Every structure is written in structure tokens, then in C-alpha cells.
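Visitor: I should like to go through this structure step by step, with the reasoning behind each answer stated. May we begin once it is on display?

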Amino acid sequence: MRDAIAAARRETPAVALVTTKFSPQGDFVARSAGMPDIPRVILPHPVAGTGEKAMKMVADDIVDEVLQALGAAG
């Protein structure tokens with residue numbers, strides 16, 4: 001979340017990728033940073049450590065949503 005906020009503050013289109021487990025924390029961080037509407041895409045939890053095949057499946061599932069969010073961010 002913080003990386004996406006930093007990029008957005010530099011006027012670089014950004015989308016935060018947040019897993020379901022950390023979505024509430026991401027919302028809090030975005031609000032506390034004064035950017036409650038920063039685009040974000042919610043991923044299943046966990047992603048890390050699930051293996052390359054599982055990560056590719058997640059990426060394939062979210063690519064359109066990420067692109068759409070980037071379009072809204074730009």
C-alpha cells in the first residue's frame with residue numbers, strides 16, 4: 001500500500017495489490033495517508049510461498065482488474 005501511495009504522490013499511475021487478510025490494514029493505511037481512494041486490487045491470501053504455478057494463476061486472474069484500475073488512476 002505504501003509503495004502505491006508513494007508512486008501516486010509522484011503522479012505515477014499505481015495500483016496497490018493487497019491480499020484479503022491485509023485488506024482492512026490497507027484501507028487504514030490509505031485513509032491515514034490521506035489517499036482513501038487509491039486504486040487497489042484484492043488478492044487471495046496467501047500468495048507468497050504458493051509456488052510459481054499458483055502465482056501465475058493469480059496474475060492471470062487479476063490482470064484485467066489491474067489494467068482497469070491503472071486506467072482509472074491515470
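Visitor: Which residues of H1 are buried?

Guide: The model under discussion is predicted. A residue counts as buried when its relative accessible area is under 20%. In H1, the residues that meet this criterion are Ala 4, Ile 5 and Ala 7.

Visitor: What arc around the axis do the buried residues of H1 cover?

Guide: The residues concerned are Ala 4, Ile 5 and Ala 7. They are placed on the same side of H1, because the arc they cover around the axis is only 165°.

Visitor: Which residues are exposed on the other side of H1?

Guide: The buried residues of H1 have cover that includes S1 and H2. The other side of the helix carries the exposed residues Arg 2, Asp 3 and Arg 9.

Visitor: How many residues of the largest nonpolar core come from H1?

Guide: The largest nonpolar core has 10 residues, among them Met 1, Ala 14, Val 29 and Ile 38. Two or more residues each are given to this core by helix H1 (2-9), strand S1 (16-19) and H2. The largest share is that of H1, with 3 residues.

Visitor: How many residues are in the second, separate core?

Guide: Met 1, a member of the largest core, touches Ala 16, Val 18, Gly 26, Val 29, Ala 30, Ile 38 and Arg 40, leaving aside residues up to four places away in sequence. The second core is separate and includes Val 41, Leu 43, Val 47 and Val 58; its size is 8 residues.

Visitor: Is Ser 23 buried or exposed?

Guide: Ser 23 belongs to helix H2, which spans residues 23-32. Beyond the residues up to four places away in sequence, Ser 23 touches Val 18 and Ile 42. Its relative accessible area is 17%, and the limit is under 20%. Ser 23 is therefore buried.

Visitor: How many residues apart in sequence are the parts that Arg 40 and Asp 27 tie together?

Guide: Side chains of opposite charge can pair when their charged atoms come close. Here the side chains of Arg 40 and Asp 27 form a salt bridge at 2.6 Å, N to O. Arg 40 is in strand S2 (residues 40-43) and Asp 27 is in helix H2, so the parts tied together are separated in sequence by 13 residues.

Visitor: What is the N to O distance in the salt bridge of Asp 60 and Lys 56?

Guide: The whole structure contains 2 salt bridges. Asp 60 and Lys 56 are both in helix H3 (residues 52-73), 4 residues apart, which is about one turn of the helix. Asp 60 is partly exposed, at 46% relative accessibility. The side chains of Asp 60 and Lys 56 meet with an N to O distance of 3.0 Å.

Visitor: How far apart in space are Thr 20 and Leu 43, C-alpha to C-alpha?

Guide: Thr 20 is in the loop between S1 and H2, and its relative accessible area of 46% makes it partly exposed. Not counting residues up to four places away in sequence, Thr 20 touches Ile 42, Leu 43, Pro 44 and His 45. Thr 20 and Leu 43 are 23 residues apart in sequence, and their C-alpha separation in space is 6.0 Å.

Visitor: Which residue just after H1 takes a positive phi?

Guide: The residue in question is in the loop between H1 and S1 and counts as exposed, at 75% relative accessibility. Its phi is positive, about 65°, although it is not a glycine. The residue is Glu 11.

Visitor: Which residues does a cis peptide bond join?

Guide: One partner, Pro 46, is located in the loop between S2 and H3. The omega of this bond is about 0°, and the residues joined are His 45 and Pro 46.

Visitor: What radius of gyration does the chain have?

Guide: The chain comprises 3 helices and 2 strands, in the order α-β-α-β-α along the sequence. Its C-alpha atoms fill a box of roughly 35 × 25 × 15 Å along the principal axes. For 74 residues, a compact globule would have a radius of gyration near 11 Å; the chain agrees with this, at 13 Å.

Terms used:
Residues are numbered from 1 along each chain as its sequence is written. This is a predicted model: local features need pLDDT of at least 70, side-chain atom pairs count only at pLDDT 80 or more; totals for chains, interfaces and linings use all residues. Side-chain values use heavy atoms; hydrogens and water are left out. Buried means under 20% relative accessible area, exposed over 50%, partly exposed in between (1.4 Å probe, protein chains only). Contact means heavy atoms within 4.5 Å. A nonpolar core is a set of buried Ala, Val, Leu, Ile, Met, Phe, Trp, Tyr and Cys residues joined through side-chain atoms within 4.5 Å. A salt bridge is a side-chain nitrogen of Lys or Arg within 4 Å of a carboxyl oxygen of Asp or Glu. The arc is that of the directions from the helix axis to the C-beta atoms. The radius of gyration is taken over C-alpha atoms; the globule rule is 2.2 Å times the number of residues to the power 0.38.
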